[in-house]
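The following exercises concern backbone geometry, domain layout and chain contacts. Each task is followed by a solution in steps.

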Amino acid sequence: MFAIRYWSVIILIVAGVVGFFVWSTTGGGGRFDFKLGLDLSGGTHLVYQTDTSKIESAEVGSSLEALRQVIERRVNAFGVGEPIVHLEQGGALGQGGHRLVVELPGITDINEAVRRIGQTPVLEFKLVKVGFETTLTNPDGTTNPLAFEDTGLTGAYLSRASLQFGNGQGALASQPVIRVDFNAEGTKLFADITSAHVGHNIAIFLDGEMLSAPVVQEKITDGTAIISGNFTAESAKELATNLNLGALPVPILLASTQTIGATLGEEAVRAGLLAGVLGFAALALFMIVWYRLPGVVAVVSLFIYVVLMLALFKLIPVVLTAAGIAGFILSVGLAVDANVLIAERIKEELAAGKKSEAAIREGFARAWLAIRDSNIAHIIAGVILFWFGTSLIKGFALVFSLGVVVSMLSAITMSRTFLLALGVSAESGWGRFLMRSGLFK
Amino acid sequence: MNITKNLKYFFILPALLSVVALAAVLGWGLKPGIDLSGGSLLEVSYPAGRPLAETVRNATSNLGLGEVRVQPSGEHNYLLRQRDLSNEERESLGKALGMLGTAEEVQFVSIGPSIGQELLSKAWIAIALVMVLIILFIAFAFRHVSKPVASWKYGVVAIVTLLHDILVPVGLFAYLGHFFGAEVDALFIVALLTILGISINDTIVVFDRIRENLRRNEEGHKHEEFESVVGRSITQTLARSINTSVTVVIVLVALYFVGPEATRNFALTLIVGMVAGTYSSIFLASPLLVAWDKWSRRKG
């Protein structure tokens, strides 16, 4: 008796500490704040179909990984939230085409996202027309299209691009620059252009924007050019990588998009929270009115269950979606099922003439089989759901399965400890009332 | 409760509901949402007051996007449903809507038909898989109970019960789809899978009690007719069968009425499935066991 009271106090203290952890880390976006899925935080979800038909089967895996890395770098450059880029295989049994899934929390401008993900850096070398040297840009800062003449030299003639620091000349000494090595054909073309235009400017364009327009000092025959611009070490390195990769290693096609505005997400979080609180309150009322003392104990255990789950969401962390919140609310209703089975069983044992403590122990032991079996059925469904799901549904499956396991532990161990610790004797009239159930009996 | 006397009446409600639900599904069919059939959905908000639906329809009719179904939503919003759109098509649609007033895009979803098709076939496999696993699990859990009814029969009966439990919400959505345009989406399938996992609870509770009563009789060398054991077990577990469902339904009702819009139909599907699951565990599963036992005796 003493030991069991000791344990129940420890459980309550631990639950209090966990509860404080949940409370104090919620809001503010700290490390342990809740992670909200795209449908709750607002953002963009893009699915690309990849075309691996032209890639040797042995190289499909590595090409896809290269693709993932390129896209990841590009979306990381957006500098928002925590973008997720992952590969998944389609087909009902996972034998279909590969897909690339991009999740961009906080970004609701699909156009911008799609453009930047799909972009292939285009490098062009253009000749500045004589007489336009001082009017390369319009007064509003845009490039003046009339000032340039195509040379035919582009990034297609590239053999390699690399990051370098400065070329030792004046102000550029420590600036990151990109060194471009042309292939044989490009080298010849570059030599021809430079020899024909010594003293003229050649402008270097990236994605249609002029980076610089250096003066050709002499004919260049070694096939290298230095591109300077307002690069940071990071952006220069990224550009060099993108130039090296040229087009994406695997062609991709946008298959599905989803954007959710931030207000819609906020509304869903608010509604989900309200539903959770109201659902819990109604459930608590039902349990206490119907099952009396075991009902009160069940509600305390259930509250601890909720606190534990919330802490797990933060620690694992689980990305919460609308479906995930629904799964959690559902799991609260299911978690108390074990308590119903136990309370009914205890009542039966009491009716059979057992003393209070024996009835509680026996009630738990006998209810266990049914609880175990139904929870195994839940887990079967949960695992299949996880397999079935797209990322939004996986959130539901994860929360649901986690809830089943955690509730099994909380219902069996905690409720039992608390009930035994209270030690209400069912022999007295008042005690009998407390241990029974129903509305009027 | 006297099972023998009331056996045939017990089947009436589940049988009737199954037939009606099946007729609804076959007659009206289900309306697949865009995540299953492919297509796109754009929700647009006009905070300063929205134009007439007719105006929106006219503005979008000649963009070459096929049929655009315009449906008002909330106070300021419209939901536009059409075939799946490329990014350029989406932009042109957005521009056309922006011409009618200050418009904000609330959400946009576009799903290619192949992805929807795949999800649908995955759904069938998932449902079949859950059923097979549950039948195997029940047969295993009740493996020591072979007299007078073999343990695999418990599994089969559980599956018949489960089929009924998901047929009822499916029938409801055929009805809602036909008359109110309700669509079934991936979450609907999730709800069905969840019903399979949960509504088996009540059936397990009754079966577990039958298992226990049979064992007690055997230990006490007491002879009791199978149907009387079943009847006694149902009576003993009636309160908990109902109450375990009540607890789940309570939270689902909260989710349905005040929860997020996105999971409203999901909650409704689960509520209907849970209620169907509760009465089927009482009025279908156990009486079916008894009927099967009688039938095989008569045959043998």
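**Exercise 1.** In this predicted model, determine whether H221(B) is buried or exposed, and describe its backbone setting.

*Solution.* The C-beta count comes first: 6 other C-beta atoms lie within 10 Å of H221(B). A residue is exposed if that count is 12 or fewer, so H221(B) is exposed. Next, its location is the loop between α9 (200-219) and α10 (226-258) of chain B. Finally, its phi is near 50°, a positive value in a residue other than glycine. In general, most residues other than glycine have a negative phi.

**Exercise 2.** Carry out the corresponding analysis for R292(A).

*Solution.* R292(A), not a glycine, has a positive phi of about 55°. This residue is placed in helix α7 of chain A. With 18 C-beta neighbours inside 10 Å, R292(A) is classed as partly exposed, because the count falls between the limits of 12 for exposed and 20 for buried.

**Exercise 3.** Characterise the peptide bond from I316(A) to P317(A) and locate P317(A).

*Solution.* Omega is near -20°, and the bond is cis. P317(A) belongs to the loop between α7 and β13 (319-320) of chain A. For context, most peptide bonds are trans.

**Exercise 4.** Compare the span of helix α8 (residues 322-351) of chain A with its expected value, and assess its burial.

*Solution.* The helix has 30 residues. At 1.5 Å a residue, 44 Å is expected, and the distance from the first C-alpha to the last is 44 Å, close to that value. Of the 30 residues of α8(A), 28 are buried, so the helix is largely enclosed by the rest of the structure. Just after α8(A), G353(A) takes a positive phi of about 100°.

**Exercise 5.** Describe the contacts between chain A and chain B.

*Solution.* First, 57 residues of chain A are in contact with 56 residues of chain B. Elements that each supply at least two residues of the chain A side include α4 (110-118), β12 (252-260) and α7 (262-315). The residues on that side divide into 37 nonpolar, 16 polar and four charged. Turning to strand pairing, β12(A) and strand β4 (residues 104-111) of chain B pair in the antiparallel sense over five bridges. Within this pairing, T257(A) stands opposite S110(B) in β4(B).

**Exercise 6.** How far apart do the C-alpha centres of domain 1 and domain 2 of chain B lie?

*Solution.* The assignment gives domain 1 as 3-34 + 114-299 and domain 2 as 39-111. Their C-alpha centres lie 41 Å apart.

Conventions
Residues are numbered from 1 along each chain as its sequence is written. Chains are lettered from A and ligands numbered from 1 in the order in which they are written. This is a predicted model: local features need pLDDT of at least 70, side-chain atom pairs count only at pLDDT 80 or more; totals for chains, interfaces and linings use all residues. Domain bounds come from an automatic or database domain assignment. Helices (H or I, at least four residues) and strands (E, at least two) are DSSP runs, numbered from the N terminus. The expected span of a helix is 1.5 Å times one less than its number of residues. Two residues are in contact if their C-beta atoms, placed from the backbone, lie within 7 Å. Ala, Val, Leu, Ile, Met, Phe, Trp, Tyr, Cys and Pro count as nonpolar, Asp, Glu, Lys and Arg as charged, and the others, Gly among them, as polar. Two strands pair if DSSP finds at least two bridges between them.
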